[in-house]
Amino acid sequence: MTPIFGPAANLVSKLVLLALGGSLVVLLLVGWIGPSTEWASRVGYPVEQPVPFSHKHHVGGLGLDCRFCHTTVETSATAGMPPTHTCMTCHSQLWTNAQMLAPVRQSLADDKPIQWTRVNRLPDYVYFNHSIHVAKGIGCETCHGNVAQMPLMEKAHTLRMGWCVDCHRDPRPNLRPKSAEFAMGWHPTAETPSGDELFKQEHIHTAQELTDCSVCHR
Amino acid sequence: MSRRFWWRSFAERADDPDYLAAIAHEFPEPHGEGGVDRRRFLQLVAASAALAGLDGCSSLPPEHIVPRVEPLAGEEAGVPRYVATALVQEGYATGAILQHRMGRPVKLEGNPDHPASLGAADATLQAAILDLYDPERSAAVLNSGRVVDWNKLTLLLAGKRTDWAKTGGAGLRILTGRMTSPTLAAQLAALLKQYPGAAWHQWEPMSRDAVAGGANLAFGKPVEALPQFDKADIVLAIESDAISSAPGHLAYARAFAERRRAAETGQGKMSRVYAIEATPTLIGASADHRFALKPAEIETTLRAIAAAVGAGPNEWQDGDRPHWVDAVVADLSTHKGVALVHAGAEQSSTIHSLAHAINAALSAPVRYIEPVAVGAADIKSLAAEMHAGKVDTLLILGGNPAYDAPADLGFVEALKRVKLSIQLATHADETAAVAAYHVPALHPFEDWGDGRAFDGTAAIVQPQIRPLVPGHSAAEMIALLAGAQTLDPRKQVIDHWRQTTPGDFDTVWAGWLRRGVIPNTAAGAASVSLRGDFAASLPKPAAAPGLTVLIRPDPFLRDGAQANNGWLQELPRPLTRLVWDNAALIAPATAKRLELGPEDVVEIASAGGAKVRVPALVAPGQAEDCVTLSLGFGRTAIGAVGRDVGVDVGRLRRAGALWQTGATLHPTGEHATLATTQHQQNMAGRDMVRTRPLTAAEDKHETVEASLYPRHPYDGNAWGMTISLSSCIGCGACTAACQAENNIPVVGREEVMRERAMHWIRVDRYWGGTPDAPEIAFQPVPCMHCEDAPCEVVCPVGATTHDSDGLNVMVYNRCVGTRFCSNNCPYKVRRFNFYGYSGNDPRPAMSWNPDVTVRGRGVMEKCTYCIQRIREAKIAADRDDRPIRDGEIVTACQQACPTQAIVFGDINDPKSAVSTRKATPLDYALLEELNTRPRTTYAARVTNRNPAIAEG
Amino acid sequence: MSALVAEFASEAGAVGAAFRLREEGLTAIEAYTPYPVEALDAILPRPRRALPVLVFAAGMLGLAGGFLMQWYGAAVSYPINIGGRPDASWPAFIPIAFEIAVLCAISAGFIGFFALARLPKPYQPIQALPGFERASQDRFFLSVDAADPHFDAARVTRAVEEFAPCSIVPWPS
Amino acid sequence: MSVMEPGQNLTTISANISEETLNPGRRLWWWGGFLVAVAFTALFVLAIEYLFIAGIGIWGVDIPVAWGFAIANYVWWIGIASGGTIISALFYLTQSEWRSAVNRIAESMTLFAAAAAGVMPILHLGRPSFFYWLFPIPNTMGLWPQFRSPLLWDFFAILTYVVSSVLFWYLGLLPDLALVRDRATTYRRQLFYGIAALGWTGSHTQWRLHKTAYGLLAALMAPLVVSVHSIVGLDFSGGLLPGWHSTQFSPFFVFGAVLSGFATVLLLVIPVRRLYRLETYITAHHLNLLVIFMLLCSLLLAYSYLIDALLPFYGNDEYERAVAIHRFTGEWAWSFWAAVGLNVVIPQLLWFPRLRLRLWLVCLVSFGVFVGMWCERIMLVTSSLYEDFMPSAWGHFTGTVWDWSTLLGSVGFAAAGFFLFLRYVPVASAYELKELLPPAERHG
């Protein structure tokens, strides 16, 4: 009886083994690294809006304070989105005929709110509270990135649980003096108090308390 | 779910002529099969594997942020607002504060400033918020079943008005319920002045005529008697509804409980309570001595007592009477000034008059006030006129007489003889089916109005949200009849009060709205004296029938108006633990005599000839030969939730005998299954509820703590709870509050029968002693938040863990549903979403509490001590860098509890309310031998028995 | 030709021949048998004994690794208070550590076997030898490699013949 | 009684063992059985589909009885699986030569039983699609499984057990695949078995390594199977429930597992032996030994039952006592008495050698144990749950049609697998049988 396999079969079998092993490794890597990629977490992808509002222009250029529009950021869980009224405080005078602003004027005209598309979104079972973060010295920039550089709003960080928890384990590196909380592109200088000092003076809870499940999930 | 579909837009609905047909074809969504019927199942079979896969995928669909166009003054996105109002139920107003989130009311809380609430809220009150969002509310004017335009009706009435102007309103009749609203009363008075030929009638299914009648017999005028339990050392309750459903019951319960827990707080003297009743009541359950007597016996016994305390002729003491009467009499007469008698609204006027007489003789702590409600002609005369065809136009303001009017009036036929009948109601109900016109009513939370509390205090009803349906209000309807230039209900209310209020009205008005109470409007005290001919004037006691049927309001559905409310349907009845059902309560002895098995269907035929078939339920503590039936069930025309639930026993009622009637009973041989949430009725010899006599030496026995592991330290806040079993009256307000606060879905009858009810805090009811004279104990059981929690250790994914405050927290989104935690919970307080209950719940998305996760299918859930409230307070405190104040965090159950049985707080703070309560020697932990170290503990139940009365 | 292959009908024959060849000082002998022939163990060169060591090492690694992983996850990476138990409640970590150890050991044993046996190798030249398919059934083959220093076709044939082989053929012919 | 009928030599064994694989012919009984099994497998699939669509609620589980059929089925199947491992691994170590004839059947039975067991815990989950959260894999949440949970121990135990069983099975199969390859006449068979045999030549080097590897794996499988069932026991005794929280559960579960394992092996060996005319290799001796081992396990189990029933009354724990009494008299008492009757009482019949020779009776008794062990599992799962500590929370439990479909379906699933094994793989280990030949017979 003549054997059915030629010498090539050995090579093939080796290759098959290799392929199997290789694909396993690749699978693991994809599963591991995939979710944290910017593509998967949409970091750095500008989001289309009904009105192409530019933070770069309003914050970077005109130097508007965050709280001018996001009024409840210091008192409420949500930072608050400006009513059309707020836009019109200026735009009833400036760029009154700009095509770009038509939806805003329209909204005011027929009393229909503007529908912005959410950029920094958390799942419904996550309860984030802006006010406490602002109160304890976390700057807007820390999570939202330097919006003064964003013509169109985009996600600056993954906002994945791992990312949140990292800071909750040790907020010190991200703490700012109150004065700098709403600044963009801020860097600590020689005389800015250290993270440790701020941590103490703000009476921030221990890592154990800050990583309790109930801090974010209810 | 198609019900969701036609909820979507009411405008489009009202225009659609086939909309009624649409409803006709609606049938209840099976809560059971998770909304999956065979067809859908087959469709999905192919895709299901993929579905399962998608489950894991974490990418979210795009979401929109919709800010306002113009800012709303005082509104901060994400910050709850609290707006006061009052809710008028059965005529009487109770103050409430609604919690608004994201611009919509999500939770009802009691108004501490309102005398009828004192901050508490009962189940029916809290469930009102669900009525507001009921997707099955009537939303269109109907003319004999067809949707018509509102203007059609207004034009029609405009024509009528010209006739009335000539005829003086002859043939115009208005039917309302009990009326305490100053505005409406004034409007009606004016209307009757405008049309002398018109008439105003009242029909209140939860009638209190006997109460007024009793006052008439005793004092010659219909004064109202307000018992003052805070001053009462001895209470004699005659099937009393004082702490369960009487006007002001929340306030009474508060005062009552303060005296009952004297032993644990060490403040004041514990009261002693005797209850004499034919069917168990809440006050009977917490009484020290409870005697089950037939109605006839109750009267004779009461006569005997009256005579003994000198409020009646001695011959009343003739004949044999129970052995305990003398002891009770002795106790009463040695406590003159601090002993009172209270009889329930369902008792005969004779009994009420006797109670008055005894109180007078004892100079009992009772406040007499002028009646709060405004009277009018009764429904009997109205029905007669209608039958006679004398009624041309009938306006029914609220109420559903076609369903709940006494059967012998033949109201439905009468209604058919009325040329123009207009009904204002929230649902297209039984009456709407007969009336010529049905007008959708605004929900009280969408409407303006006012009403008086049990003590006369007035409050303004103000809208909480822009109407969800194009409804109309009572004030508007009356104004329409009167042809007033404005129909705006707000204007009606303001105008009325402006006339009666001196000074700068606008500021005063603003104050009223803010506080939710109009100060100094309580009814004046009435001076009373017992009629000289009182004893003589009493009707002779009627001969007792062989079998008495007691027709009683259902504890939660009451007259059935709220029958479409899933929360109330599924809230276990305090004593029977029944849900989604009513039954015939029968004493064990009687059941044995009639050879009735549990849940055998019996047919009850009243003396009036009406028949009902009801499943029998053997109820310990029921008087022999007495069958109790509860009203509010068997609705035929209402939403899918309440339709055909239970049996309508209202048809046994007759104008003369609303609350009881002689009847015959015989088994039908059929068998039914009742839905209940508790299967084991006694404690099986275990010490779940610990009871101690007041006299017993109170030694707190220490529990040994054996553990291989070191104790986990909790140095920050350590949240804990204590529940006073002497105070708990089992009313179920806590369960209702929890359901509202924590987005607990309704699972439906089928699922309850499959033991899948979802309530986070259940009120266990145990029978003790003998079946005929049982001891009744209630025990609210929330999560114990064990420090050494057995549930956490067995979870393979760490979905339930401890936080630094020592709370046993549940992370829904981490749960994979192994259900080991529930197995390992000795208290069985964990609940599981066997189906997507929340998804199947017909309530609109906007009605959920946005601060609490709505749980999906396949995850475990349980009491969290209202973690959302804790976190809110923690964040507020951290923001301004201060510790959390004691009492700053109030759990929903604690907040609603009328008796303040539940106290929550920081057990690390020795001065906190909870610590002081836990310090009592009565404090004990449930199943402490398991060493789970629960944060929730109980204060043992204390009884204050009369040594002169032998046990049992 | 690179080897001489003798075919025997019985175990006894093959064992005898193999023994004789060893006496002749030949070492490059391989036997092909339908079942493990213990008698040959003493005669033919023994393969490396690497497997037991490998398996033991893998097992120990799994044990340590499994235990460390649990300790790291529960006590270092994300310590969470579970029912008031200590973060590093080591007794609870034993079962999983054991299971992981066994899994590693068994996998190592399996993979190790194939690695050392140089399998899979579907193409085996010797299978081309006529009648070799019976090696897995009821025949015993001895192959003597010509590369053996003491190899001499005549001597080998003589040595083997007295054990009544069914055939002696040079391979590849 | 000998381990092999006389008159066998290498040629006959090679022929007889590979015959069934190479020329299955038209076996009506095979097709009949296979199709029935497939039908039940379809039912299994249907039940699973509906479960995924509608949710766990289609089952009878409730609060307090949050565990039901799925767990019982799992424990039952994993126990049955143990039989094969014990026979092929433990008896290999003890060098009991009688094992050689039956170990292939036993091991294959193990594979499919383990497979049936393996799916149950996933089906049991409220959110099956997240079962992978039990793996300690890196994730964006930075979370880990909770290593203190017996369920997680169990998860690792099954994983290890299933993987190991497959590897062990394949390693033992390798030389026989080569045998079939070499006897195959059609190209497709040669190719299939050629690939499967991975180039096994039966060279002395390969045999030496194979022996070592097989020995090592066997030595690891034996403790593994014990650990698996101990851990399954811990799934229950790790909880604090009366009736579960017992130190004897681990050995108790091992005994039960082995009993059901042996019973199932007997249940399969007896018909296969007849249908494949293997009487020469699987002699009365084999069956006799298997039965005796089954009896031994039955006695061990009886001991466990006794302890379990008596301890509550020896101890002073009212809850334990209540549950014990409940098991004897309560709603699910039938399952307790069925377990006692089928697993302990009836098997004792087989102490009589005459009865032991009645194969139909042996089959019947084994089937009784097969069923009885399931009754024991469901009894253990439910009886502790529906009346535990809080009287107010006491409830009931009844299986729904979907519960039963899942159970029967899983049997069909395992059976279908076993039928495929019968058709495509040598049902006995040829090379190990050859080793059993007396030296005189070791020729072609």
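This section describes chains A and D, two interfaces formed by chain B, and two buried residues of a predicted model.

Chain A contains 11 helices and one strand. Along the sequence, the order of these elements is α-α-α-α-α-α-β-α-α-α-α-α. For the 218 residues of chain A, the globule rule gives a radius of gyration of 17 Å; the value found is 25 Å, well over that figure, and chain A is therefore more spread out than a compact globule. The box filled by the C-alpha atoms of chain A, taken along the principal axes, is roughly 95 × 50 × 40 Å. Of the 218 residues in chain A, 39% are buried. When contacts in chain A between residues at least 6 apart in sequence are considered, 69% of them join residues at least 24 apart.

Chain D is built with 15 helices and zero strands. Its radius of gyration is 23 Å, which agrees with the value near 22 Å that a compact globule of 444 residues would have. The C-alpha trace of chain D spans about 75 × 60 × 40 Å along its principal axes. Buried residues account for 67% of the 444 residues of chain D. Among contacts in chain D that link residues at least 6 apart in sequence, 82% are between residues at least 24 apart.

Within chain D, helix H13 covers residues 359–383 and includes D:Ser366. The relative accessibility of D:Ser366 is 0%, and this residue therefore counts as buried, the cut-off being under 20%. Apart from residues up to four places away in sequence, D:Ser366 touches D:Ala263, D:Leu266, D:Leu267 and D:Met294.

The interface of chain B and chain D brings 64 residues of chain B into contact with 57 residues of chain D. About 5,200 Å² is buried between these two chains, and carbon and sulfur atoms give 58% of that area. Two salt bridges are counted between chain B and chain D. In one salt bridge, the side chain of B:Arg686 meets that of D:Glu318, with an N to O distance of 3.9 Å. Polar contact is found for 36 residue pairs across this interface, with both residues at pLDDT 80 or more.

On the side of chain B that touches chain D, several elements give two or more residues: helix H4 (38–56), strand S28 (762–769), helix H27 (790–793), helix H28 (820–823) and strand S32 (831–832). The most is given by H4(B), which supplies nine residues. By residue class, the side of chain B that touches chain D comprises 31 nonpolar, 16 polar and 17 charged residues.

Chain B also meets chain C, where 12 residues of chain B are in contact with nine residues of chain C. The area buried between chain C and chain B is about 890 Å², with 61% of it on carbon and sulfur atoms. On the chain C side, C:Asn81, C:Ile82 and C:Arg85 lose the most area to chain B, and together they give 53% of what that side buries. The residues of chain C that touch chain B comprise four nonpolar, four polar and one charged. Zero salt bridges are found across the interface of chain C and chain B. Four residue pairs are in polar contact across this interface, both residues of each pair being at pLDDT 80 or more.

Chain B further contains a buried asparagine, B:Asn743. This residue lies in the loop between helix H25 (733–741) and helix H26 (749–753) of chain B. B:Asn743 counts as buried because its relative accessibility is 0%. Two backbone atoms lie by polar atoms of its side chain: the nitrogen of B:Asn849 at 2.7 Å, and the oxygen of B:Val852 at 2.9 Å. With neighbours within four places in sequence left aside, the residues in contact with B:Asn743 are B:Arg843, B:Trp848, B:Asn849, B:Val852, B:Thr853, B:Val854 and B:Arg855. B:Asn849 and B:Val852 thus appear both in this contact list and in the side-chain distances given above.

Key
Residues numbered from 1 in each chain as written. Chains lettered and ligands numbered in written order. Predicted model: local features only at pLDDT ≥ 70, side-chain atom pairs only at ≥ 80, totals over all residues. Heavy atoms only, no water. Helix = DSSP H or I, 4+ residues; strand = E, 2+ residues; numbered from the N terminus. Buried < 20%, exposed > 50% of the residue type's maximum accessible area, 1.4 Å probe, protein only. Contact = heavy atoms within 4.5 Å. Buried area = accessible area lost by both parts, 1.4 Å probe. Salt bridge = Lys/Arg side-chain N within 4 Å of Asp/Glu carboxyl O. Polar contact = N/O pair within 3.5 Å; in protein donor to acceptor, adjacent residues only side chain to side chain. Nonpolar A, V, L, I, M, F, W, Y, C, P; charged D, E, K, R; others polar. Rg over C-alpha atoms; globule rule 2.2 N^0.38 Å.
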